[in-house]
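This briefing introduces a single structure to a reader who has not met it before. Please keep the sequence and the model in view while reading.

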Amino acid sequence: MSDKLFRQRIINEATGTRLVSQYVREFWECGWQEYDQRNDKGIDGEIILRKKGIDLGVKVNVQIKCGKGYISSFDKNEIRLSIDDPMSLIKHLEYWNKQNEPAVLIFINPHILSNDKDKNDWKENRLLPKAWWVNLKDKDIRPEGTLTLLRIPRKNTFGEHSKGAFLNLARKILENKNLQIIEACQDSIKLFNSSDIRNKAREFYLKWKNNQECNCFCNALGTKVIISKIAWRHILLSRRGQTRRVLSLRLLGMAKQIIEESDDYYILSQKENEFEIEQKIGLRCIVKSKNMSDIIVQVILLKRIKKNKNQSKVWFYSVHQRN
């Protein structure tokens with residue numbers, strides 16, 4: 001590398017890090033931790049998300065690219081960046097996707113076009129450069145048929161206004177962070193791993209429905225949950241698709257445990273008329289087992305409240321795995 005290119009790279013790194021740090025610390029009131037280049041492995045630093053000065057317990061991994069030399073092409077919709085080594089890019093994409101927390105690329109261009117018709121007519125604007133970001137876990141981040149290009153939507157501008165978008169990236173982690181943990185019992189594990197799931201699930205469900213001693217009392221709601229044809233019909237709806245139907249059948253044992261053991265609930269939706277209030281209620285837990293990875297399972301209950309009688313009933317409605 002020539003001395004001029006080396007000095008340009010150092011300057012660009014300083015510009016990129018300075019801009020990200022300034023927006024994150026000054027405007028977002030969040031934390032920024034830069035990584036030593038020898039240890040970054042494709043991540044240059046991390047944003048420590050905070051609200052009103054309080055750490056949320058979630059970080060965003062950041063890769064920074066700075067300089068017009070990365071631009072392969074651009075139009076009004078997207079910028080395409082060129083990464084020289086295709087094997088390095090593939091390895092980095094695999095690495096970014098393995099991160100439990102969000103991973104983004106922030107691209108800073110310290111130059112502007114003085115004439116949009118001439119894409120070689122750049123003028124330096126290092127004090128107030130433009131910047132964009134992209135979720136590195138997006139499935140279409142690499143244009144089809146290319147090995148060294150990454151695409152960034154031009155609508156994803158990075159600046160003082162971007163904090164909400166980054167919080168949205170971390171929303172799933174924030175929602176699941178304090179979920180109750182339930183240990184899957186042997187019956188639940190056996191049903192989940194069954195090779196004859198349709199028949200075994202039906203046997204389980206009929207026993208659950210017909211044996212009053214096995215019927216559920218919902219700890220979170222403090223009431224009995226009716227096991228009827230409502231959930232079975234919903235789970236097997238053709239529009240849910242085969243994969244979702246089969247997974248719901250495998251989760252029936254865990255659904256029973258969650259109804260009985262969950263401490264908390266939340267209202268997913270509510271409809272109301274002159275005579276009745278109908279609510280969809282969610283119970284969400286992390287289910288752990290020695291024999292499989294932790295999974296997040298959501299149970300949906302159906303509650304109907306008769307206004308004139310001040311009475312309510314609750315039915316098991318569905319179960320599915322949350323990503």
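The points below are grouped by topic, from strands and helices to individual residues.

The model is predicted. One part of it is an open sheet of 3 strands, in the order E4-E5-E10. Another is a pair of helices, H6 and H9, whose axes lie 10 Å apart. A further part is strand E6, in which 7 of 7 residues are buried.

**The sheet E4-E5-E10**

- The pairing within this open sheet is antiparallel.
- Strand E4 (71-74) and strand E10 (149-153) each have a single partner strand and stand at the edges, so each has one side without a neighbour in the sheet.
- From one strand to the next, the twist averages 25°.
- Between E4 and strand E5 (residues 78-82) there are 3 bridges, and the two strands pair in the antiparallel sense.
- In the pairing of E4 with E5, Ile71 stands opposite Leu81 in E5.

**Glu78 in strand E5**

- Glu78 has its place in strand E5.
- Its relative accessibility is 16%, so Glu78 counts as buried, the cut-off being under 20%.
- The side chain of Glu78 is joined to the side chain of Arg151 by a polar contact of 3.0 Å.
- When residues up to four places away in sequence are not counted, Glu78 touches Arg151, Ile152, Pro153 and Arg154.

**Strand E6 and its partners**

- Strand E6 covers residues 103-109 and is mostly covered, with 7 of its 7 residues buried.
- In a regular strand, side chains alternate between the two faces of the sheet.
- In E6, Ala103, Leu105, Phe107 and Asn109 point one way, while Val104, Ile106 and Ile108 point the other way.
- The residues pointing either way from E6 are all buried.
- Strand E3 (residues 54-66) runs parallel to E6 and is joined to it by 6 bridges.
- Where E3 meets E6, Ile64 stands opposite Ile106.
- With strand E9 (residues 130-135), E6 pairs in the antiparallel sense over 6 bridges.
- Asn109 has Lys130 in E9 as its bridge partner.

**Helices H6 and H9**

- Helix H6 (residues 197-210) packs against helix H9 (residues 252-261) at an angle of about 30°, with the axes 10 Å apart.
- The two helices, H6 and H9, are therefore roughly parallel to each other.
- On the H6 side, the contact is made by Ala201, Phe204, Tyr205 and Trp208.
- On the H9 side, the contact is made by Leu252, Gly253, Lys256 and Ile259.
- The residues of this contact between H6 and H9 comprise 6 nonpolar, 1 polar and 1 charged.
- Helix H9 is mostly covered, as 8 of its 10 residues are buried.
- The buried residues of H9 are Leu252, Gly253, Met254, Ala255, Lys256, Gln257, Ile258 and Ile259.

**Glu276 and Lys303**

- Glu276 lies in strand E15 (residues 276-289).
- With a relative accessible area of 18%, Glu276 is buried.
- A polar contact of 3.2 Å links the side chain of Glu276 to the side chain of Lys306.
- Glu276 touches Lys271, Arg304, Ile305, Lys306 and Lys307, leaving out residues up to four places away in sequence.
- Lys303 lies in strand E16 (residues 292-306).
- Apart from its neighbours within four places in sequence, Lys303 is in contact with Ile277, Glu278, Gln279, Ile281, Ser312, Lys313 and Val314.
- From C-alpha to C-alpha, Lys303 and Trp133 are 43 Å apart in space, and they are 170 residues apart in sequence.

**Loop residues with positive phi**

- Most residues other than glycine have a negative phi.
- Glu29 has a positive phi, near 60°, and is a residue other than glycine.
- Glu29 lies in the loop between helix H1 (3-27) and strand E1 (31-34).
- At 56% relative accessibility, Glu29 counts as exposed.
- Lys52, which is not a glycine, also has a positive phi, of about 50°.
- The loop that holds Lys52 lies between strand E2 (45-51) and E3.
- Lys52 is exposed, its relative accessible area being 86%.

Methods: Residues are numbered from 1 along each chain as its sequence is written. This is a predicted model: local features need pLDDT of at least 70, side-chain atom pairs count only at pLDDT 80 or more; totals for chains, interfaces and linings use all residues. Side-chain values use heavy atoms; hydrogens and water are left out. Two strands pair if DSSP finds at least two bridges between them. Helices (H or I, at least four residues) and strands (E, at least two) are DSSP runs, numbered from the N terminus. Axes are lines fitted to C-alpha atoms, for helices over the stretch in contact, and angles run from 0 to 180 degrees between N-to-C directions. Angles under 35 degrees count as roughly parallel, over 145 as roughly antiparallel, 65 to 115 as roughly perpendicular and the rest as oblique. Contact means heavy atoms within 4.5 Å. Ala, Val, Leu, Ile, Met, Phe, Trp, Tyr, Cys and Pro count as nonpolar, Asp, Glu, Lys and Arg as charged, and the others, Gly among them, as polar. Buried means under 20% relative accessible area, exposed over 50%, partly exposed in between (1.4 Å probe, protein chains only). A polar contact is a pair of N or O atoms within 3.5 Å; within protein, one must be able to donate a hydrogen and the other to accept it, and residues adjacent in sequence count only if both atoms are side-chain atoms.
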